[in-house]
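User: I would be grateful for a close look at one part of this protein, with its surroundings described residue by residue.

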Amino acid sequence: MLSLHSAQNRASRKRSAHGTTASAPKIGLAIAGGGPIGGMYELGALRALDEAIEGLDLTRLDCYVGVSSGAFLAAGLANRMDTAEMCRIFVTGDSADVEFRPETFMRPAFLEYVKRAASFPRLATEWWRELLFSPLEARWSDLITRFGGLIPNGLFDNAQVELFLREVFTRRGRSNDFRELDAELYVVAVDIDSGDAVRFGGDNWSDVPISQAVQASAALPGLYPPVQIRGRHFVDGALRRTMHASVVLDRGIDLLIGINPLVPFNHNQGVPVAENNSLAAGGLPAVLSQTFRTLLQSRMQVGLARYAQQYPDIDQLVFEPNAEDRELFFTNAFSFSARQRICEIAYRNTLADLHLRADVLGPVLAAHGLRLRRDVIADSQRSILDGITPPKRDTETTARLRRALDDVDRLVAQPRPRRRRTASAARSEK
């Protein structure tokens with residue numbers, strides 16, 4: 001599903017004789033969260049955009065913002081890890097650079113368990129003292145409040161997540177420092193003690209390592225414990241907003257590309273269903289999943305409507321799943337085994353959206369020097385694996401050299417600005 005807002009007063013751009021823009025448009029990318037499955041959906045959608053839009057280089061955009069699982073992808077792209085390489089890492093598993101182990105993200109937080117359990121004797125002693133000496137004030141209902149502190153802040157240890165990212169971003173010419181990137185990158189997390197959103201990579205927060213910022217942004221309450229940075233505790237950035245697209249919209253961009261992987265499932269599809277066939281029959285997990293998706297989608301719709309009013313002169317493309325996609329909804333939200341299937345669904349959905357809206361999208365993309373590849377979006381049999389070539393077996397040295405040569409090629413390919421003739425020069429030519 002594609003939400004499109006066309007700019008009302010798109011800035012006209014002078015074109016050279018070759019039809020290229022004199023000044024390249026500024027493009028921003030916003031990627032929402034959604035857990036492991038949401039991240040895989042976003043990767044599939046990004047791969048489709050990468051292949052289907054000529055002139056779009058997702059590793060060379062002007063600014064990025066990522067939330068939760070979307071922060072993983074935004075940080076990778078800003079570090080010039082292209083979608084093909086990320087598919088090799090997370091989907092096919094044949095990357096010559098990064099070895100991904102799903103268990104890294106699902107390691108129980110044993111230290112958190114021990115820390116919480118250590119407080120049990122004190123809490124139990126206080127409860128029994130109150131029960132013996134103030135029996136009228138002690139109530140069994142108070143047990144939940146009093147002993148709630150024994151419940152861990154998170155089931156899994158996200159310290160290993162930070163370590164994994166730190167290793168990835170500190171080799172082969174990549175950087176774990178926001179300030180060293182070629183493009184602006186923002187990772188959003190929420191201070192659990194104040195409810196304020198913090199933009200890592202922005203003013204006063206650019207010195208925080210990217211790996212730690214992503215760890216904080218992806219600390220989904222209940223799943224991972226809050227991440228302590230400068231004495232403050234941070235959790236999932238989606239608690240405040242779904243996509244935080246305004247972060248890049250405020251950077252003076254011309255085109256926004258957004259991806260949100262979570263939408264409520266349309267179980268009815270226009271036809272009433274029996275009680276035993278309702279989502280309620282799926283128990284608490286299905287009800288909570290639908291509730292969570294509905295809340296996120298509601299905020300997203302409000303945000304998109306506000307962005308269209310607040311930023312009327314910026315083209316905005318936001319890609320989301322189809323509401324009738326049963327397989328996507330009923331896949332375990334924290335399953336890694338289904339990642340290739342989910343990537344494939346996202347890939348096909350995004351190509352279908354581009355094909356369906358090609359006539360409308362064509363002029364919008366052309367205004368930014370981009371063009372749809374009609375052969376790609378029209379190929380109904382195309383798979384996400386078709387365009388992924390075998391990995392290059394680079395060493396650390398050759399990888400850095402390849403990166404440097406890529407920089408040189410890009411610099412040479414950039415059109416040189418035409419120099420304005422001075423009055424004296426014009427007279428001398430006569």
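In which loop does Asp97 lie? Please begin there and then work through the helices and the annotated positions around this part.

Analyst: The model is a predicted one. Asp97 lies in the loop between H3 and helix H4, the latter covering residues 110-118. Its relative accessibility is 14%, and because buried means under 20%, Asp97 counts as buried. Apart from neighbours within four places in sequence, Asp97 is in contact with Glu85, Arg171, Arg172 and Arg174.

One of those partners, Glu85, leads back into helix H3, where Glu85 is among the buried residues. Helix H3 comprises residues 83-92, and nine of its 10 residues are buried, so the helix is largely enclosed by the rest of the structure. The buried set consists of Thr83, Ala84, Glu85, Met86, Cys87, Arg88, Ile89, Phe90 and Val91. It therefore includes Glu85 and Arg88 alongside residues such as Ile89 and Phe90. Just after H3, Gly93 adopts a positive phi of about 75°.

The buried residues of H3 pack against three helices, namely H1, H2 and H12. These three may be taken in turn, beginning with the pair H1 and H12.

Helix H1 (residues 35-52) and helix H12 (residues 339-356) pack with their axes 7 Å apart, at an angle of about 45°. The two helices are therefore oblique to each other, and H1 passes H12 in a right-handed crossing. On the H1 side, the contact is made by Ile37, Met40, Tyr41, Leu43, Gly44, Ala45, Arg47, Ala48, Leu49, Glu51 and Ala52. On the H12 side, these meet Arg339, Ile342, Cys343, Ile345, Ala346, Tyr347, Asn349, Thr350, Leu351 and Leu354. Sorted by class, this contact has 15 nonpolar, three polar and three charged residues.

Helix H1 also meets H2. The axes of H1 and H2 come within 8 Å and cross at roughly 40°, which makes H1 oblique to H2. Gly35, Gly38, Gly39, Glu42, Leu43 and Leu46 of H1 form one side of the contact, and Ser69, Gly70, Leu73 and Leu77 of H2 form the other. By class, there are four nonpolar, five polar and one charged residues in the contact of H1 with H2. Leu43 is listed in the contact of H1 with H12 and again in that of H1 with H2.

Helix H2 (residues 69-78) has a further partner in helix H8 (residues 210-217): their axes come within 8 Å and cross at roughly 160°. H2 and H8 are therefore roughly antiparallel to each other. The crossing by which H2 passes H8 is right-handed. Ala71, Phe72 and Ala75 in H2 meet Ile210, Val214 and Ser217 in H8. The contact of H2 with H8 has five nonpolar, one polar and no charged residues.

The annotated positions can be placed against this set of helices. Under "active site", an unreviewed UniProt entry lists Ser68 and Asp236. The two positions span 169 residues in sequence, yet their C-alpha atoms are no more than 5.8 Å apart, so they gather at one spot.

Ser68 is placed in the loop between strand S4 (63-67) and H2. With 6% relative accessibility, Ser68 counts as buried. Beyond neighbours within four places in sequence, Ser68 is in contact with Gly33, Gly34, Ser217, Ala218 and Asp236. Ser217 in this list is also one of the H8 residues that meet H2.

Asp236 is found in strand S8, residues 232-236, and is buried as well, with a relative accessible area of 4%. Leaving aside neighbours within four places in sequence, its contacts are Val67, Ser68, Val190, Ala216, Ser217, Ala219, Leu220 and Pro221. Ser217 thus appears among the contacts of Ser68 and among those of Asp236.

Pro221, another contact of Asp236, is located in the loop between H8 and strand S7 (227-229). Pro221 is partly exposed, with a relative accessible area of 43%, whereas Asp236 is buried. Pro221 and Asp236 are 15 residues apart in sequence, and their C-alpha atoms are 7.1 Å apart in space. Outside its neighbours within four places in sequence, Pro221 is in contact with Val235, Asp236 and Leu239.

Terms used: Residues are numbered from 1 along each chain as its sequence is written. This is a predicted model: local features need pLDDT of at least 70, side-chain atom pairs count only at pLDDT 80 or more; totals for chains, interfaces and linings use all residues. Side-chain values use heavy atoms; hydrogens and water are left out. Axes are lines fitted to C-alpha atoms, for helices over the stretch in contact, and angles run from 0 to 180 degrees between N-to-C directions. Helices (H or I, at least four residues) and strands (E, at least two) are DSSP runs, numbered from the N terminus. Angles under 35 degrees count as roughly parallel, over 145 as roughly antiparallel, 65 to 115 as roughly perpendicular and the rest as oblique. A crossing is left-handed if the near helix is turned anticlockwise from the far one by less than a right angle, and right-handed if clockwise. Contact means heavy atoms within 4.5 Å. Ala, Val, Leu, Ile, Met, Phe, Trp, Tyr, Cys and Pro count as nonpolar, Asp, Glu, Lys and Arg as charged, and the others, Gly among them, as polar. UniProt positions are given in the numbering used here, feature names are shortened, and annotations may be inferred rather than shown by experiment. Buried means under 20% relative accessible area, exposed over 50%, partly exposed in between (1.4 Å probe, protein chains only).
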